[in-house]
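Work through the exercises below with the sequence and the 3D structure at hand. Each one sets a task and then solves it step by step.

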Amino acid sequence: MPPMILITGTTGFIGRHLVRRLLQHNYRVRCLIPEYKLKDFRWNPDVDGPAPEVVVGTLMDEEVIYRAATGVHTVIHLESAQWWGNERDLERVDLTGTRKLVEAARSARVGRIVVLSHLGATTAAAYPLMRVKGAVEDVVRSSGLAYTILRSGIVFGEDDAFCNHIAMLLFANPFVFLMPGRGEVVLHPIYIDDLITLLEQTLENMDTVDQVIEVGGPEYITLIDLIRTVMRVSGRYRVIIPLPPYMFRWINRGTRIVLRRTLLTPQWLDLLATNRAAQLGTVTRYFDIKLRRLEDTMLTYMPQQNTLLDAVRYLFRRRPQRL
C-alpha cells in the first residue's frame, strides 16, 4: 500500500494542482481543510477520479492536526496567508501554524515534512513575507523531523496570483501600467506543473532529505521584461510608468478600504523588493525534469483568458477568515 501524504493548503493555487497529480499517480492523499474553505474544494469523481480523504479543521486546532497527521508518512505544508493577509496573519497562519503542525507531526511519528518557501527567505529580511518565511524554515530545520525545504521562484500558471494579476492590471487601465520601482529586479519564474513535479519527486528522492533547495525555471527575467512579456502574450500594450514602491503601499492601504481584495498586495511588493533567483543548475542536480519557458507556456493559456471576469471575481471574493 502506498504511503499516506498529508497536504495543507489544498484549496490554494499550488495545493489544488498537487492533490490531483498525486492522486493520478496513485498516492494516498489526506487534506486538512478549514470548514469555511470546504466550498472551494470542488471535486468531481467522474472527472477528477477518486477523492482524497478530508480532515476538517485548521492549523490552530491541535487535536485536529494530530488526527490528520496520524498514520501519515510525509506532510507537504503549503498553507499560507501570503496572498491575502497582513503581517499579523502571516505570523499566525504561516509561523504559528507551522509550529503546531511540527508538534503534531512529531507526536504522530511522521517520517518527513516538505515545506514550500521563497527564494530570499531569511529572518534578517526587511520585508515581512521573507522574514516570516525565514522563521518558518528555522522552525522546520530545528524540528527534529526529516525535512525538505523548496525555496521557489514566482510560480505562474492559468490561475496564479502574480502574472495573471499583471494581465488584470493591464486590462484595468487602457493607457498606462504603473510599475513598482524601475523594473530592474531579477525574477526566476517557474511553471506550476514543473513545481508540482519537483514536489512529487521529493517524495521518492532521498537526496533531497534534510536539504534546502532553491528552484526556479529555465531562465531569469527582470520585472520590466516580465511585464512586456505579459503585454505581448495578452495583446495589451501600455506605456510603463515607474513609481516608487512606497507609493504602491499607500495605494494598497487606500484600496483595501473599498475592496475586499486588491490585485497588488503588500506581499506582491515584498516579492519584488530584491533579486530572487536560484542557480540554474540546481534543479537538474536533484530532479529529472525538463523545465518550461515562461513566454512559450503563457501562450498556451493567457490569450484565451477572460481577464475582466477573472478580475471582478477576485476583487469581490470574500477574504479568507483568520484561523
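**Exercise 1. Decide whether Ile224 is buried or exposed, and find its surroundings.**

Ile224 has a relative accessible area of 18% and is therefore buried, since buried means under 20% relative accessible area, exposed over 50% and partly exposed in between, with a 1.4 Å probe and protein chains only. The model is a predicted one, in which local features need pLDDT of at least 70 and side-chain atom pairs count only at pLDDT 80 or more, while totals for chains, interfaces and linings use all residues. Residues are numbered from 1 along each chain as its sequence is written, and side-chain values use heavy atoms, with hydrogens and water left out.

The next step is to place the residue: Ile224 lies in helix H8, where helices (H or I, at least four residues) and strands (E, at least two) are DSSP runs numbered from the N terminus. Leaving aside residues up to four places away in sequence, Ile224 touches Met179, Gly183 and Ile240, contact meaning heavy atoms within 4.5 Å. Met302, by comparison, is 78 residues from Ile224 in sequence and 18 Å from it in space, C-alpha to C-alpha.

**Exercise 2. Check the span of helix H8 and find what its buried residues pack against.**

Begin with the span: helix H8 covers residues 223-234, and its 12 residues, at 1.5 Å a residue, should span 16 Å, which agrees with the 16 Å between its end C-alpha atoms. The expected span is 1.5 Å times one less than the number of residues.

Then turn to burial: nine of the 12 residues of H8 are buried, so the helix is largely enclosed by the rest of the structure. Among them are Leu223, Leu226, Thr229 and Ser234. The buried residues of H8 pack against helices H6 (163-172) and H12 (294-298), and against strands E8 (176-180), E9 (186-187), E12 (221-222) and E13 (239-243).

Finally, look at Leu226, which, with residues up to four places away in sequence not counted, touches Phe162, Cys163, Ile166, Leu187, Ile221, Leu294 and Met298. Ile14, Phe162, Leu226 and Met298 touch the most other members among the 100 residues in the largest nonpolar core, a core being a set of buried Ala, Val, Leu, Ile, Met, Phe, Trp, Tyr and Cys residues joined through side-chain atoms within 4.5 Å. Just after H8, Gly235 takes a positive phi of about 75°.

**Exercise 3. Describe how helices H4 and H5 pack.**

Helix H4 (residues 87-107) and helix H5 (residues 128-141) pack at an angle of about 10°, and their axes are 10 Å apart. That makes H4 roughly parallel to H5, because angles under 35 degrees count as roughly parallel, over 145 as roughly antiparallel, 65 to 115 as roughly perpendicular and the rest as oblique. The contact includes Leu90, Asp94 and Thr98 of H4, and Leu129, Lys133 and Val136 of H5.

**Exercise 4. Find where Asn26 and Arg109 lie, and decide whether each is buried or exposed.**

Asn26, which is not a glycine, has a positive phi near 70° and is found in the loop between helix H1 (13-24) and strand E2 (28-33). With 60% relative accessibility, Asn26 counts as exposed.

Arg109 likewise is not a glycine and has a positive phi, of about 60°, and its place is the loop between H4 and strand E5 (112-118). With 75% relative accessibility, Arg109 counts as exposed.

Notes: Axes are lines fitted to C-alpha atoms, for helices over the stretch in contact, and angles run from 0 to 180 degrees between N-to-C directions.
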